Amino acid sequence: MTTIEQGMPLKSVRVSPGECPMPPAGKQVAATKAYADPSGALVAGVWRSKPDRLDVAYKRDEFCQIIEGEVHLTDAAGHTEVYRAGDAFVVPAGFAGVWSMPVAVTKFYVLHGPADGVRQR
């Protein structure tokens, strides 16, 4: 990932999926933050999960690119979208639903919005 800060020379921040290990025993998810602006309103990194089902309620927008695995994202009305390795999508602030991962997942993410972010319900 590359960041360009206002009035400053280009600053590269690189993170690879291998820098974010799979979650340790007893944990379902792990994340490696690659960048956060000073306010915490913009955050980017790599996130990994073992197969799981998470009830979520978003307070900020999230851009995701699936690197490995598969995600089934279901909204409150029951509509499901399936995303696989290589797919990119945005989950808007206000989304409430279910993240279902039938297999382990690795994604790049970018969050934008209030620093208190995504909540698991």
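What pattern does the protein chain follow when read along the sequence? In this predicted model, the protein chain follows β-β-β-β-β-β-β-β-β-β-β-β. The count agrees with that reading: the protein chain holds zero helices and twelve strands. The description below begins with general properties, proceeds to the sheet and the other strand pairings, and then turns to the nonpolar core and the charged side chains.

Of the 121 residues of the protein chain, 36% count as buried. The protein chain exposes about 6,800 Å², and carbon and sulfur atoms supply 56% of that area. Contacts reach across the sequence: among those between residues at least 6 apart, 64% join residues at least 24 apart.

An open sheet of five strands, paired antiparallel, has the order 3-4-11-6-9. Strand 3 (29–36) and strand 9 (88–91) stand at the edges of this sheet; each has a single partner strand, so one side of each is left without a neighbour in the sheet. From one strand to the next, the twist averages 25 degrees.

The individual pairings may be followed across the sheet. At one edge, strand 3 and strand 4 pair in the antiparallel sense over seven bridges, and K33 stands opposite G45 in strand 4. Further along the order, strand 6 and strand 11 run antiparallel and are joined by seven bridges. Within this part of the sheet, D61 stands opposite H112 in strand 11. Strand 6 also pairs with strand 9, in the antiparallel sense, over four bridges; here C64 has F89 as its bridge partner in strand 9.

Strand 7 offers a second centre of pairing. Five bridges join strand 7 (residues 70–75) to strand 8 (residues 80–84), and the two run antiparallel. H72 has V82 as its bridge partner in strand 8. These two strands form a hairpin with four residues between them, and in the turn G78 has a positive phi of about 95 degrees. Strand 7 is also joined by four bridges to strand 10 (residues 96–101), again with the two running antiparallel. In that pairing, the bridge partner of L73 is W99 in strand 10.

Several of these residues reappear in the nonpolar interior. The largest nonpolar core has 18 residues, and those with the most contacts inside it are L73, F89, W99 and M101. Strand 4, strand 5 (52–58), strand 6, strand 7, strand 9, strand 10 and strand 11 each supply at least two residues of this core. Which residues does F89 touch, leaving aside residues up to four places away in sequence? They are E62, F63, C64, I66, L73, Y83 and W99. Among these contacts, C64 is also the residue whose bridge partner in strand 9 is F89, while L73 and W99 are bridge partners of each other.

The charged side chains complete the picture, for the structure holds four salt bridges. One of them joins E62 and K107, whose side chains meet at 2.7 Å, N to O. This pair links distant parts of the chain, with E62 in strand 6 and K107 in strand 11 (residues 105–112), 45 residues apart. Are the two partners buried or exposed? E62 is buried because its relative accessible area is 4%, and K107 is buried because its relative accessible area is likewise 4%; the cut-off for buried is under 20%.

Another salt bridge joins E68 to R48, with the closest N and O atoms 3.1 Å apart. This pair too links distant parts of the chain: E68 lies in strand 6 (residues 61–68) and R48 in strand 4 (residues 42–49), 20 residues apart. At 38% relative accessibility E68 counts as partly exposed, whereas R48, with a relative accessible area of 12%, is buried.

A further salt bridge is formed by the side chains of R53 and D55, at 2.9 Å from N to O. R53 has a relative accessible area of 51% and is therefore exposed, since the cut-off for exposed is over 50%. Its partner D55 counts as partly exposed, at 27% relative accessibility.

Note on methods. Residues are numbered from 1 along each chain as its sequence is written. This is a predicted model: local features need pLDDT of at least 70, side-chain atom pairs count only at pLDDT 80 or more; totals for chains, interfaces and linings use all residues. Side-chain values use heavy atoms; hydrogens and water are left out. Buried means under 20% relative accessible area, exposed over 50%, partly exposed in between (1.4 Å probe, protein chains only). Two strands pair if DSSP finds at least two bridges between them. Axes are lines fitted to C-alpha atoms, for helices over the stretch in contact, and angles run from 0 to 180 degrees between N-to-C directions. Contact means heavy atoms within 4.5 Å. Accessible areas come from the Shrake-Rupley method with a 1.4 Å probe; for residues, only the protein chains shown count as cover. A nonpolar core is a set of buried Ala, Val, Leu, Ile, Met, Phe, Trp, Tyr and Cys residues joined through side-chain atoms within 4.5 Å.
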